[in-house]
Amino acid sequence: GYEEVCIATINGVPFEDANNASKINAGLDIIKTLQRIENLKAPIFIDNAESVTKFEELADTQIIKLYVKEGQELLLVQEEKEN
């Protein structure tokens, strides 16, 4: 028989073969789509944010980015979004 499958790709590259930044942005794009479809908003945590230079745009959503910085104490920085 046949088994239906869905293989996520990023510009033709299978998700599991993409680099970390592409995977994070693909995930943000999926979240943005689901938020629009379901008309929901939720805070988003992004781990390994240091691997991304440009993030997918998300409107009206709180984003918590976790960065690794060796030799530094835990630091909380709040950035205000431009309107």
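This briefing covers the nonpolar core, a buried polar contact, a salt bridge and a surface patch. The model is predicted. Its largest nonpolar core has nine residues, and helix α1 gives the most to this core. By the rule applied, there is one salt bridge, formed by E56 and K32.

**Nonpolar core**

- The nine residues of the largest nonpolar core are A21, I24, L28, I44, I46, A49, V52, F55 and L58.
- Two or more of these residues come from each of α1 (20–38) and β3.
- The share of α1 is three residues, the most given to this core.
- I44, a member of the core, is in contact with L28, I31, Q35, L58, T61, Q62, I63 and I64, once neighbours within four places in sequence are set aside.
- Among those partners of I44, L28 and L58 are also listed in the core.

**T61 and its polar contact**

- T61 sits in the loop that runs between β3 (44–46) and β4 (63–65).
- With a relative accessible area of 8%, T61 falls under the 20% cut-off and is therefore buried.
- The side chain of T61 makes a polar contact of 3.3 Å with the side chain of Q35.
- Both T61 and Q35 also appear among the contacts of I44.

**Salt bridge between E56 and K32**

- The closest N and O atoms of E56 and K32 are 2.7 Å apart.
- E56 belongs to the loop between β3 and β4 while K32 belongs to helix α1, so the salt bridge ties together parts that are 24 residues apart in sequence.
- E56 has a relative accessible area of 25% and is partly exposed.
- K32 is likewise partly exposed, at 29% relative accessibility.

**E57, next in the loop**

- E57 is also placed in the loop between β3 and β4.
- The relative accessible area of E57 is 62%, over the 50% cut-off, so E57 counts as exposed.
- From C-alpha to C-alpha, E57 and K32 are 8.6 Å apart in space, against a separation of 25 residues in sequence.

**Nonpolar surface patch**

- I30, L34 and I37 make a nonpolar surface patch of about 300 Å².
- I37, one of the patch residues, is part of helix α1.
- I37 is exposed, because its relative accessible area of 56% is over 50%.
- Helix α1 thus holds I37 of the patch, K32 of the salt bridge and three residues of the core.

Conventions:
Residues numbered from 1 in each chain as written. Predicted model: local features only at pLDDT ≥ 70, side-chain atom pairs only at ≥ 80, totals over all residues. Heavy atoms only, no water. Helix = DSSP H or I, 4+ residues; strand = E, 2+ residues; numbered from the N terminus. Buried < 20%, exposed > 50% of the residue type's maximum accessible area, 1.4 Å probe, protein only. Polar contact = N/O pair within 3.5 Å; in protein donor to acceptor, adjacent residues only side chain to side chain. Core = buried A, V, L, I, M, F, W, Y, C linked by side-chain atoms within 4.5 Å. Contact = heavy atoms within 4.5 Å. Salt bridge = Lys/Arg side-chain N within 4 Å of Asp/Glu carboxyl O. Patch = residues over 30% accessible without salt bridge, like charges linked within 9 Å, V, L, I, M, F, W, Y side chains within 5 Å. Areas by Shrake-Rupley, 256 points an atom, 1.4 Å probe, with all protein chains shown as cover.
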